[in-house]
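Q: Please take a close look at the second largest pocket of this model. Which residues line the second largest pocket, and which residues does the largest nonpolar core include?

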Amino acid sequence: MDIQDDLLRSLAIGPSMDVTYWHKYSINGFNFQTLDYEVNKASMNYGVCVKCDNDHEYYGTLEEIIELRYCEAQDIYKTISLKCNWMDNSKHGMIVHDKYKLVEVNSKRKYAKYDPFIVAHQALQVYYAPYPSLKNDRSHWRAVFKSKARSYVDAPVDAAVFQED
């Protein structure tokens, strides 16, 4: 039996009842943390963005990080899902400025449909800054800033490279 058949059988049976919840998780070069975990912290790693095929973007806050396990025979397959609270991406809940492509979202307007889960590898990280206004009329609006993924180089260190003859 090959690995494809084993994986398909595991998916057909469904996930195990053994579910693990995480407060933080690193994927795609981003360090995500749930909103509840970051309540009294200075960092902001709970902003999530998902790009769709039609170039629409959805913005939200990370509520839960869930690890699901699919077990079949001796192999265990794991997947990480993110439960997010999505903001409305219609013209009433999101503004994209044409000239600079700056994005603003209304944090009080929520996405109308119940569709909170995404697979973790789809997520991009964003952070939200309060709207810079002297009036209180836009106090629920947030400016969206996309984070860059942290990169790393996985190279062996050879001491002989640094020696002089």
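A: What follows starts with the chain as a whole and then turns to the pockets, the cores and two buried loop residues.

The model is a predicted one, and its chain holds one helix and eleven strands, with the helix coming at the N-terminal end of the order and the strands following it. Of the 165 residues in the chain, 33% are buried, and the accessible surface amounts to about 11,900 Å², with 53% of that area belonging to carbon and sulfur atoms. Among contacts with a separation of 6 or more, 58% join residues that are 24 or more positions apart.

The second largest pocket encloses about 150 Å³ of space, and its lining consists of Val-50, Cys-52, Tyr-58, Trp-86, Tyr-111, Asp-115, Phe-117, Ile-118 and Gln-122. Sorted by class, this lining has seven nonpolar residues, one polar residue and one charged residue.

Two of the lining residues, Trp-86 and Ile-118, also belong to the largest nonpolar core, where they are listed with Phe-32, Val-48, Leu-62, Leu-82 and Cys-84 as the members, out of 16 residues, that touch the most other members. At least two residues of this core come from each of strand 3 (30-33), strand 4 (47-51), strand 5 and strand 6 (75-86), and strand 6 provides the largest share, with four residues. A second core, separate from this one, has nine residues, including Val-103, Val-105, Val-126 and Val-144. As a general background to such groupings, nonpolar side chains tend to be buried together in soluble globular proteins.

Ile-118 can be followed further through its contacts: leaving out residues up to four places away in sequence, Ile-118 touches Val-48, Val-50, Ile-80, Ser-81, Leu-82, Cys-84, Trp-86 and Ala-123. Among these partners, Val-50 and Trp-86 are also found in the lining of the second largest pocket, while Val-48, Leu-82, Cys-84 and Trp-86 are named in the largest nonpolar core.

Tyr-58 and Tyr-111, which both line the second largest pocket, lead on to Asn-89, a residue in the loop between strand 6 and strand 7. Asn-89 counts as buried because its relative accessibility is 16%, where the limit for buried is under 20%. Beyond its neighbours within four places in sequence, Asn-89 is in contact with His-56, Glu-57, Tyr-58, Met-94 and Tyr-111.

Glu-57, one of those contacts of Asn-89, leads in turn to the largest pocket, where Glu-57, Tyr-59, Lys-101, Val-103 and Lys-146 are the residues that lie nearest the centre, out of 14 in the lining. This largest pocket holds about 200 Å³ of space, and its lining has eight nonpolar, two polar and four charged residues. Strand 5 (57-72), strand 7 (94-96) and strand 11 (141-146) each contribute at least two residues to that lining, and strand 11 gives the most, with three.

Another asparagine, Asn-45, sits in the loop between strand 3 and strand 4, and it is counted as buried because its relative accessibility is 18%. Setting aside neighbours within four places in sequence, Asn-45 is in contact with Asn-31, Phe-32, Gln-33, Glu-38 and Gln-125, and Phe-32 is also one of the residues named in the largest nonpolar core. The C-alpha atoms of Asn-45 and Thr-61 are separated by 9.1 Å, with the two residues 16 residues apart along the chain.

Terms used:
Residues numbered from 1 in each chain as written. Predicted model: local features only at pLDDT ≥ 70, side-chain atom pairs only at ≥ 80, totals over all residues. Heavy atoms only, no water. Buried < 20%, exposed > 50% of the residue type's maximum accessible area, 1.4 Å probe, protein only. Contact = heavy atoms within 4.5 Å. Areas by Shrake-Rupley, 256 points an atom, 1.4 Å probe, with all protein chains shown as cover. 1 Å grid on protein atoms, 1.4 Å probe; cavity = no way out; pocket = protein on both sides within 12 Å on 5 of 7 lines; lining within 4 Å. Points joined across faces, edges and corners; volume = space filled by probe spheres on them. Nonpolar A, V, L, I, M, F, W, Y, C, P; charged D, E, K, R; others polar. Core = buried A, V, L, I, M, F, W, Y, C linked by side-chain atoms within 4.5 Å.
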